[in-house]
Amino acid sequence: MSQQHILALFNNFENAEAAIYELRAADIKGFNFDDLTLKSPIEHHEVEDLLGKRSANVQWFTLGGALLGGLLGFFLISGAQANFFAQMKGGKPIVPFPPNFVLTYEMFILGGVFISVLGFLVCAGLPAKRSPLYSAKVSEDQIGILIKADASAMAKIKKVFTDHEALEIQEEAGK
Amino acid sequence: MEKDISESIAWAKINGDVLKSLEAPRKLYWVILVAALTLFGVGLGCEVYQYQIGMGVANLNNPHVWGLYIATFIFWIGMSHSGTLLSAILHLMHADWRKPIYRFAEAMTTFSLMTAGLFVMVHLGRLWQFYYSVPYPNERGLWPNFQSPLLWDAMAIFTYLSSSVIFLFIGMIPDLAICRDHLHEGWRKKLYTILSLGWEGTDRQWRNFRVTYLTVACFLIPLAVSVHSIVASDFAMSQQPGWHVTSFPPYFVAGALYSGCAAIITLFIILRYVFRFEEYMTLPILKKVARLTFAISMVWTYLNAIEFAAVWYSHDQAAKDVLLQKAMGPYAPFWWMMIFCGSVVPLMLAVKRFQTNIPVLFAVSLLLNLGMWLERWMIVAPTFSHGYYPWTWDGFQWPSWVQWGMVFGSFGWFTLLFMLFCKIFPSVSMYEVKEMVYHRSLASKKNELAEKGAH
Amino acid sequence: MSVTNLLENWSQFRHGHPVDDKPHEEYKWAMAIDLDACTGCNACSVACYAENNIPVVGKEKFNAGQQMHWMRIERYWPEDGREFADQGAQFLPMMCQQCEAAPCETVCPAGATNHTADGVNSQIYNRCVGSRYCSANCPFKVRYFNWYDYPSTDNVWPAEMTQQLNPDVSVRSKGVMEKCTFCVQRMTAAKNTARNEGRLVRDGEVQTACQQACPTNAISFGNLVDPESKVAKQWAHQQVELSKEVQAKDAQEGGTDLRGYRIMEELRLYPSVMYLERVRESAI
């Protein structure tokens, strides 16, 4: 059966929370709970328990990036020092540790930050085209619930939304 | 006293008020912009002149090889630190009062770093060969000297600048989405559409956003500390009397936070008026910043005293002579002015009445920054005029108008960038003000419930 | 591969200097200046200007402190309240001390100044970006910066004067640092001749311009590795040994006055120039 999108807007978080709670409990045929997306103007981390385990993996990018940056920093710098005219400077060894430590530290942070941001883009799926149903109200003060489900489940989902005082319901035209 | 941000403020109003700042600021905005542009023009002219004729026009000479350029460079680097203090350190400490003001502080970080970078450039004798000190692979197998603290500087500033820009940008994505959704058509709407990366505020986006923001904040704190420690290393790692001081890195970091906080007060007051942000940049927040500045000013005073004491008791005659020269030689007026502006003027901030008095705070913050600029000059210059070698003790070398022109020009350049930023991007974080309001109303609801339960 | 090179020659790259286990191989150029012989006549300074194409900046720039004298005669007057202070004048010819552990080298961001294999502090004009950090970190302040583009400035080398410019020495453009090179062009020429003849440079074969011009022979210059050179003998016999509490050299048979010292040895720069002068209360 063809999949359709439906977006409901709520005035406050409590209503949206209750609606999600009911949808999870309802077990509607043709609707997978993982296809529910909450859209909010601010972050609600209360919702994490409700939505179940949806992981954030940015920290692994951070770890990898920082280590890579540090290692790259040290070997790039030491290698460059060794390959450059191996001429003494100020009586210090050609590959001196204190300066290389400073630079390695900076590269460690640089790698960490850059790759974290890359991780953010990957994990959050950005940049992306906006989903088919979107209301500018979400960036103002309303909470939106976007659901992708079979056309057959739409009626039931819609009922749950209206029960919880949804202000507005947008539906994708059926194909 | 004026009220803090009200809990009942409608979210749509927050959007509206902040978006208005992108449309029609007060007339003063344009006055500032034109003044900044003029100053920048003067600075640019001086640089063109110096580039053509040679560094000699700056009236530098053999012992005095560095002048105001390096002093002002440190000043701008220092200014950048309090942006990170507000956005990263206070973020980790869950101080929610920072939320309405951290965005412009973060922008201040970015632009003051850009200004500092300019001073590294104009200071070079052969600006056109600056890339010799940048590590890039080339067919000659030549590399810069990684032992030089200047190279650490370059690396640290590059890391700090790029991380700050990223941090500023990431934190702004939800607000850019708001701008995209609510601003009228035009080139800016297209810009916001591209920059907001298709942000919709989905749970997945928010979740990853929070982790990323926190991670970058965690990186920025040690980074900010390392940046100014490295700038301090330019001096502390050298051998010169008056520079070779162990306490320089923490001293520089404290000075950086200090001048940055003072600059935040200045810009706070200007932005509040120019963009009509009275409801968001409230006096209780200003009071907190003023107290923070006072605390840091005392830390700075302490570290300053430590430095003098260390020099005095170390019985290193050369360093001692430099200190004496600062206090009693040709630099004495500036040195005492620095002590006055840096350690005495901030005592005003301890008085409760002044902590919310805008004219007083404005004047004090300007004086503090004057003091901090003088501090940097007093670090750089006296060592040259009274170094190790007696033959080079030649007293005073007054910087020429070319140097002064570029110093004032840098203020123009910074103000220009900053003011343009505030006009193009929301300088108050809308989504975070909403969060602040939301959490406060939750907390007060909880209190009400608890009270009801008690009855 | 750079990392392979790094790992293979690790111990070599971790080697500090100066240390006893790895002295200079063929050459270590050094100088000794006898202050008791110096009359402060400035001939050395003039010779240096001529030899090394040093710009003569003129009164105005000299007053601004922008003079370029690689070799300078410093004058010190006694401050004991005597009627004619000039009577106690002391002179000190000062030029780059070619430190073995030079503070200027580590701080240069472009790597434009290095320690060469024959123990001299080199300056690469082409590589210099003009950050002036080397001068800031030089305790002697013997590095001179090209504040203006001197070759194109009118009064530096007036028309006929350009005829006397030394073709072996490059003329420096604006924005680079320069300093005494121990007349590196003469050393290089002598080394080339010696290499062609399959030998080492003999003592006295290289003379620096200042040494050549000195009317009282106060300056001696040579190779410290060669124990028979005049400089090496002076260093061996006359240098005060700071590491020893009691000085024994001069008491030995055939010992001479122990009057050699290097300036500001407490900074551990290991300069290559030794000054000879009896340590005394006053010059007279």
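**Exercise 1. What share of the contacts in chain C with a separation of 6 or more comes from residues 24 or more positions apart?**

Start with the term: a contact means heavy atoms within 4.5 Å. Next, take the contacts in chain C with a separation of 6 or more; residues 24 or more positions apart account for 63% of them. Before going on, please keep in mind that this is a predicted model, where local features need pLDDT of at least 70, side-chain atom pairs count only at pLDDT 80 or more, and totals for chains, interfaces and linings use all residues. Residues are numbered from 1 along each chain as its sequence is written, chains are lettered from A and ligands numbered from 1 in the order in which they are written, and side-chain values use heavy atoms, with hydrogens and water left out.

**Exercise 2. Which strands are at the edges of the open sheet in chain C, β8-β1-β10-β9?**

First, read the order: four strands of chain C form an open sheet, β8-β1-β10-β9, with mixed pairing. Its edge strands are β8 (219-223) and β9 (260-261), each of which pairs on one side only. Here, strands are DSSP runs of E with at least two residues, helices are runs of H or I with at least four, and both are numbered from the N terminus; two strands pair if DSSP finds at least two bridges between them. Now look at β9(C): two bridges join it to β10 (residues 273-276) of chain C, and the two run antiparallel. Finally, find Gly260(C), whose bridge partner in β10(C) is Leu276(C).

**Exercise 3. Which residues does Arg14(C) touch, not counting those up to four places away in sequence?**

Begin by placing Arg14(C) in the loop between α2 (10-13) and β1 (29-34) of chain C. With residues up to four places away in sequence not counted, Arg14(C) touches Pro93(A), Val95(A), Pro96(A) and Phe97(A). Its relative accessibility is 28%, so Arg14(C) counts as partly exposed (buried is under 20% relative accessible area, exposed over 50%, partly exposed in between, with a 1.4 Å probe and protein chains only).

**Exercise 4. Is Phe182(C) buried or exposed, and which is His94(B)?**

As background, most residues other than glycine have a negative phi. Phe182(C) has a positive phi near 60 degrees, and His94(B) has a positive one near 55 degrees. Then locate them: Phe182(C) is in the loop between β7 (177-178) and α7 (184-196) of chain C, while His94(B) lies in the loop between α4 (81-92) and α5 (102-123) of chain B. Last, compare the relative accessible areas: Phe182(C) is buried at 1%, whereas His94(B) is exposed at 72%.
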